[in-house]
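Please consider the structure shown below. The explanation that follows begins with its aromatic rings and then turns to the bound ligand.

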Amino acid sequence: MKREGFATRLGVLTATLGSAVGLGNIWKFPYMTGQNGGAAFLFIYLAATVVVGLPIMIAEIMMGRRARANAITTWKKVAPDNSGWMLVGVCGVLAAFSIMAFYTDVVGWVFRYIVQAAAGGLNSSDPKAAEAVFKATVSAPWASLAWQWGVLALVSTIILGGVSKGIEKTTKILMPMLLGMLIVVCIRSLTLPRALDGLAFLFNPDFSKVDGEVVLMAMGLAFFKLSIGMGTMMTYGSYFREDANVPLTASRVMLADLTVSLLAGIAIFPAVFNYGFEPAAGPGLLFMTVPAVFSSMPFGQAFMTLFFVLTAVATIGAMLSLFEVPVAFMIESGLGWSRKKATIATAVGLGICGIPATLSFSAMSDVTLFGLNFFDFYDYLSSNLLMPIGGFFICVFAGWFWGRERTEADLSNRGALSNRAVIALYSLIVKWITPLLVLLVLLKGLGAF
Ligand code: PHE
C-alpha cells in the first residue's frame, strides 16, 4: 500500500503549522507566563524555542522523512542494530496520550464557552463574575466529561471520515481569521487605560524570580508548543515531500508559532491589569480575560463567540497530529489493525485516561500523584519529562549517529538546495549545544544539583 502524504508544499507547511498552533499559544502560553512572573519567563521561552526547539524540529522531520514511518517504527528503521532507541518512540506515544488526556478537557471548555458566549452569558468585565462562570464550567463533573467525550468523538470522526483533507483546506482559511481576531483583541486591549502595566509585565524582565524549575517549565512549554520531542513531527515528517525544504519549513513554523503566542500575550495581559485580574490565575486566565475585553466593545458578544469558534478550530489541527502518533503506530505495528480500529482504540483509551484529568476540578480535586492533581500531572509528565527526554535522545541520535553525509543529503535534498551554512550551523548546534542544554535544564529543574 502506498503511504499517504502531503500533496503540496503549502499543505506541508499548513499541516505542520496546524499541529504547532493550538491551545499552547492561546491558552497555555499566557497563563504560564502569568504564573511565572512575566517577561523573564517569556525571554527564556524565546531562547528555548530557537536554540532547543528549532534544531529538534529539523532533526525529527528529517528522520521521519527518511524512514517514512511512524514514531516507533522510524527508530527501528534508522537504528536497526540497537532496539533501545525504540524506547524513545514509546516515550513519545506515552507523551501523546498524556497530552491528549488533558488537552481534550480544555477543548471541551472552549466549546462550552462558544455556547455561553453566543447565549450572552459572558458579557461582564468583572473579575469576580468571570471567575464564577469559569469555576462553574470546569467543576461540573458530568458536563465536563460529556464535552470531553464529544471532543474525542469529533476528532475520531474527522480521522475516520477521511475528511482530514477537508480540514486541511478549512484551516487554511480559518487560521488567518484567527490571526485577524487576535489582532482585533490586541488593539482593543492596547487601548485600555491601564494597558501599559500589562506590557511592562510582559516585556520588562525581572530575573530574580527565575530558578531551575521556571527554566524547565519554559523549555517544556517550547516542546509542547512546537509539538516536538514525542514523535508528532517525526510522523508528520514521514508525510513530507522529498522536495520540501526542511530547515526553511521548520523555521517558518517556529516563527509563525511564536508570533501567535506573542499576540496572545499582548491580547491578554493589558486586559488582566486593566480589569484587575490575577496574572497568576492559572488555566482559567484566557477564559476570564477574553470575555472581559470583548464585553467592553461594540458587537462584543458576536466577536467573543467568533473568537472561541476560531480557537476551537485551531485546536483541531493540534489534536489530529496528537492522535496520529498512536494511530499510525498501531496501524504499522504488525498487528494488522485497520485505521478504524486504531482510531477507536485510541479514542476509548483517552476517554478513560482523561477522566481523572477532567475530574481534577471537581470530584477528584483532592486526589494527587507526586503532589499534583491528575490534570497537572499529565501536563507535567509530558512537557517537563517525556518530551525533553525524547528531545534529548533525538538530538543525540541526529547529532552523533546520523553522520555528516546523510545530514547534508537530507537537508539539502541531495544537493538541490544550496544551504551549506544552515546545515553547518544546525550540525554544530544539534551535536553540542541543544543536547547539553536540555540535559542541564532537565536535571537542574528536577533538583538533581
Ligand atoms: N503544539 C500544540 C499546541 O500548541 C500541542 C501539541 C503538542 C500538538 C504535542 C502535538 C504534539 O496546542
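**Aromatic pairs and the ligand site**

A search of the whole structure, which is a predicted model, finds 34 aromatic pairs. A pair of aromatic rings is described by the distance of the centres and the angle of the planes. One of the pairs is formed by Trp85 and Phe393, whose ring centres are 6.2 Å apart. Their planes stand at 80°, and an angle over 60 degrees counts as edge-to-face, so this pair is edge-to-face. The two rings link distant parts of the chain, being 308 residues apart. Trp85 belongs to the loop between helix H4 (73-78) and H5, whereas Phe393 lies in helix H16 (residues 374-401).

Attention may now pass to the ligand. There are 16 residues around the ligand, and those that come nearest are Ala20, Gly24, Tyr103, Phe224 and Lys225. By class, this shell comprises eight nonpolar, seven polar and one charged residues.

Individual atoms give a finer view. Gly24 takes part through its backbone: one of its N or O atoms there lies 3.1 Å from an oxygen atom of the ligand. Tyr103 instead uses its side chain, in which an N or O atom is 2.4 Å from an oxygen atom of the ligand. In the side chain of Ser227, an N or O atom is 3.1 Å from a nitrogen atom of the ligand.

How much of the ligand's exposed area does the protein bury? Taken alone, the ligand exposes 330 Å², and the protein buries 100% of that. The space that the ligand takes is the largest cavity. Two or more residues of the surrounding shell come from each of these elements: helix H1 (9-20), helix H2 (23-35), helix H5 (86-118), helix H10 (212-226) and helix H14 (300-332).

Methods. Residues are numbered from 1 along each chain as its sequence is written. This is a predicted model: local features need pLDDT of at least 70, side-chain atom pairs count only at pLDDT 80 or more; totals for chains, interfaces and linings use all residues. Side-chain values use heavy atoms; hydrogens and water are left out. A residue is near a molecule or strand if one of its heavy atoms lies within 4 Å of it. A polar contact is a pair of N or O atoms within 3.5 Å; within protein, one must be able to donate a hydrogen and the other to accept it, and residues adjacent in sequence count only if both atoms are side-chain atoms. Accessible areas come from the Shrake-Rupley method with a 1.4 Å probe; for residues, only the protein chains shown count as cover. On a 1 Å grid over the protein atoms alone, a cavity is a set of points where a 1.4 Å probe fits but cannot get out, and a pocket is an open set with protein on both sides within 12 Å along at least five of seven lines; lining residues have an atom within 4 Å of a point. A molecule sits in a cavity or pocket if more than half of its atoms lie within 2 Å of its grid points. Helices (H or I, at least four residues) and strands (E, at least two) are DSSP runs, numbered from the N terminus. Ala, Val, Leu, Ile, Met, Phe, Trp, Tyr, Cys and Pro count as nonpolar, Asp, Glu, Lys and Arg as charged, and the others, Gly among them, as polar. Rings of Phe, Tyr and Trp (its six-membered ring) pair if their centres lie within 6.5 Å; planes under 30 degrees apart count as stacked, over 60 as edge-to-face and the rest as tilted.
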